[in-house]
Amino acid sequence: MEYLLTNTEWFLNWGRKSSIWYLLFASACCGIELMQAGGPRTDLDRFGAVPRATPRQADLLIVAGTITYKMAERVRLLYEQMAEPRYVIAMGSCANCGGLFQGSYSVLKGVDKIVPVDIYLPGCPPRPEALADAILKLQQKMSEEKWLRNLRA
Amino acid sequence: MTFNELSERLRTKFGPDAAPPAEGAPEALTVRSSAIQEMARFCKEDPELDLNVLSCLTGVDRKDRIELVYHLLSYRKRHELVLKAALDRAKPEIPTVETVWKTANWHERECFDLLGVNFLGHSDLRRILLPEDWAGYPLRKDYVAPTEYHGMSHARVNPLHEPEAPADRKQAELKDLSQLKSLYQPVAGEMVVNMGPQHPSTHGVLNFLLVTDGEVMHKAVPHIGYLHRGMEKMAESIPYPGYMPFTDRLDYLAAMSANQGYAMAVEKLLGCAVPPRGEYLRVLACELNRIASHLVATGSMAMDIGAFTPFLHWLREREYINDIMEEICGARLTYNYMRIGGVSHDLPDGVADKILRWMDHFAPITDEFERLISNNEIFVQRLAGVAAISAEEAIDFGLVGPNLRASTVPWDLRRNMPYSAYADFQFDIPLGQGFRGTAGDCYDRFVVRVLEMRESCRIIRQALAAMPAGDIRAKLPRRLKVPPGETYARVEAPRGEMGFYLISDGQETPYRLKVRTGSFTAMSIIEKLSHGVMIADLVAIIGSLDVVAPEVDR
């Protein structure tokens, strides 16, 4: 039984991590690096990560850039529209903690105040290579998940 | 005309309503607020003044009064004039000039939003950048930022100092999201479609409310401010040299131009000259950046229309420019290359050759792009004749840069009011001429950008060939104290005129900084353009105007 569970879990996780579809959502400067990361040189498609325009089809929300208070509730809405299991990468300093704009009156100080974050990616903006690394780290995290066992318990 | 001639003409017409500046004060006419509308109309319509452009309208909190500042410019006569009006700080009111220049509509809304100035007779005076339920006016000097907004706390615990402070990590309890207010009540027969803030072809976090009847739009109302980061307020607490990285993030696709505009404004106040090599390096960097910016503009426009391949081709070319930029200044996107008085680094060895090699490779690629997409019949059919903007309309709405030139207005600051080293170079200004449809349509705006990339290559070649030797930066003290005064510096950014209105009171930080950007005015024309077009055309309009969200919201 344990053997069967392990193998089924491995297979499910393998499928999940090899097709991380991320939401095509960019709010500021990091969005350009996100775009470049999807471009020919870094080519996130290698890892099975392709952009989707709607949250209903996305597994991963990459919060690329500053989130203001006006935008914050919309980001939460996007997150809630995604189907589970869902993941969040906070890309760049602004999404991590407000970054350069921490002193501003209208900027949310870190996206973890509104949605749970799996990977914090530092940089202002992070290079595409760093984003690729974050995707790999996320894949690692996904491959260690034990959904079936949690279900049984 | 000089300032004295301009003010003399206005004073003979209006007498005591227009008072000249006091001795030593900056060149500006102080206007009685009740006469502003009449005077604005005279400035615009008088053939000798001919101040047909409202470059910038903003307000300053002078602690005892609110000062409104109007920067006027004449495209034909190439002179400028600054009008000022002092308002009561407790109850600031002034008649609107929206009836004179349509672009004033949005500028005044911004002024109302951030400073609380009431514009009498304004057609649609409500908050533009901040949420509707925001309290207070941030650009007032006595503004205190709220401690939370809708349950999201303003504090951020430093994990290094307080590692066990979990309260900060807790997610805020947000109110029921289905209650997010609908911004427009449709009348019978209308349908409201919400586009954005998350939408692949809005180019960032912009929101459009489409009021449609089937596939035909009645209007598209832009809602902006989703990326309003309060840059102008932040400038007031950051020393002059330290603000440079913020200008990078004003317009992340054209950070060099924003760098240069800010540096020029401070240099003007300091009265310091940039060494010739510094100027040439600035031009070189700006033009490379212009190409990179237009690559994204034209590529993403093609992508919005449905052609994905050209976009990937342009991303590949952009990577080469990023590599060059990295060698010049160490960053791919947010360059922070300019310094007040010059640039940060000299050109490293071998980079000049690398740039030349890349341009040799880029010219045939541009030809290929033209074959692939510019002359693609499907692409042309989608754009030609769509949303044409006449020259008068473009000026009235304050369009600048390629959008203005596509509407056949021959105005380029690099040529008409040369700054930096641009006077030394030979280049053409591509104008819209109805290449495949009407002059000033979406296709013209697209083609003008492609042509501008070729002109930028020409400038870069000349700059590399004639690069003077010498210093790259003027000698300035580390702690800058800028003499009191005010100035308005304009640069021709890829998205058109970027204006930095800088006021110094002699301290280490600016008293007030206002940035006038091309995208902001470009957004304001969309509501007018969208009347009666198909929903799919809106994507073409947004793409052709090349708006960038942080430049709109700042």
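**Exercise 1. Find out how confident the predictor is about chain A, overall and by element.**

Step 1: This is a predicted model, and chain A has a mean pLDDT of 86, with 97% of its residues at 70 or more. pLDDT is the predictor's confidence in each residue, from 0 to 100.

Step 2: Now go element by element, where helices (H or I, at least four residues) and strands (E, at least two) are DSSP runs, numbered from the N terminus. Among the elements of chain A, strand β4 (residues 87–91) has the highest mean, 91, and helix α6 (residues 147–152) the lowest, 68.

Step 3: Where pLDDT is low, don't read the predicted coordinates in detail.

A word on the ground rules: residues are numbered from 1 along each chain as its sequence is written, and chains are lettered from A and ligands numbered from 1 in the order in which they are written. Because the model is predicted, local features need pLDDT of at least 70 and side-chain atom pairs count only at pLDDT 80 or more, while totals for chains, interfaces and linings use all residues.

**Exercise 2. Describe how the two domains of chain B touch.**

Step 1: Find the domains, whose bounds come from an automatic or database domain assignment. In chain B, domain 1 is 3–120 and domain 2 is 231–553.

Step 2: Their centres, taken over C-alpha atoms, are 28 Å apart.

Step 3: Look at the contacts (C-beta atoms, placed from the backbone, within 7 Å). Here 16 residues of domain 1 of chain B meet 20 residues of domain 2 of chain B.

Step 4: On the domain 1 side, β3 (53–61) and α3 (104–115) of chain B each give two or more residues, and β3(B) gives the most, with 6 residues.

**Exercise 3. Work out which helix of chain B gives the most residues to the side that touches chain A.**

Step 1: Start with the totals: 43 residues of chain B are in contact with 47 residues of chain A.

Step 2: The elements of chain B that give two or more residues are α4 (231–235), α5 (244–248) and α8 (309–329).

Step 3: The winner is α8(B), with 5 residues.

**Exercise 4. Locate the largest nonpolar core.**

Step 1: Get the term straight: a nonpolar core is a set of buried Ala, Val, Leu, Ile, Met, Phe, Trp, Tyr and Cys residues joined through C-beta atoms within 7 Å. Buried means 20 or more other C-beta atoms within 10 Å of a residue's own, exposed means 12 or fewer, and partly exposed is in between, with C-beta atoms placed from the backbone.

Step 2: The largest core has 211 residues, and A:Val111 and B:Val266 are among those that touch the most other members. The largest share, 16 residues, comes from α7(B).

Step 3: Domain 1 (3–120) and domain 2 (231–553) of chain B both give residues to this core, so it lies between them.

**Exercise 5. Decide whether B:Arg78 and B:Asp546 are buried or exposed.**

Step 1: Place them. B:Arg78 is in the loop between β4 (65–73) and β5 (80–88) of chain B, while B:Asp546 is in the loop between α17 (535–545) and α18 (549–553) of chain B.

Step 2: Check the backbone. Phi is near 55 degrees for B:Arg78, a positive value in a residue other than glycine, and B:Asp546 has a positive phi of about 55 degrees. Most residues other than glycine have a negative phi.

Step 3: Count neighbours. B:Arg78 has 11 C-beta neighbours inside 10 Å, so it counts as exposed. B:Asp546 has 28 inside 10 Å, so it counts as buried.
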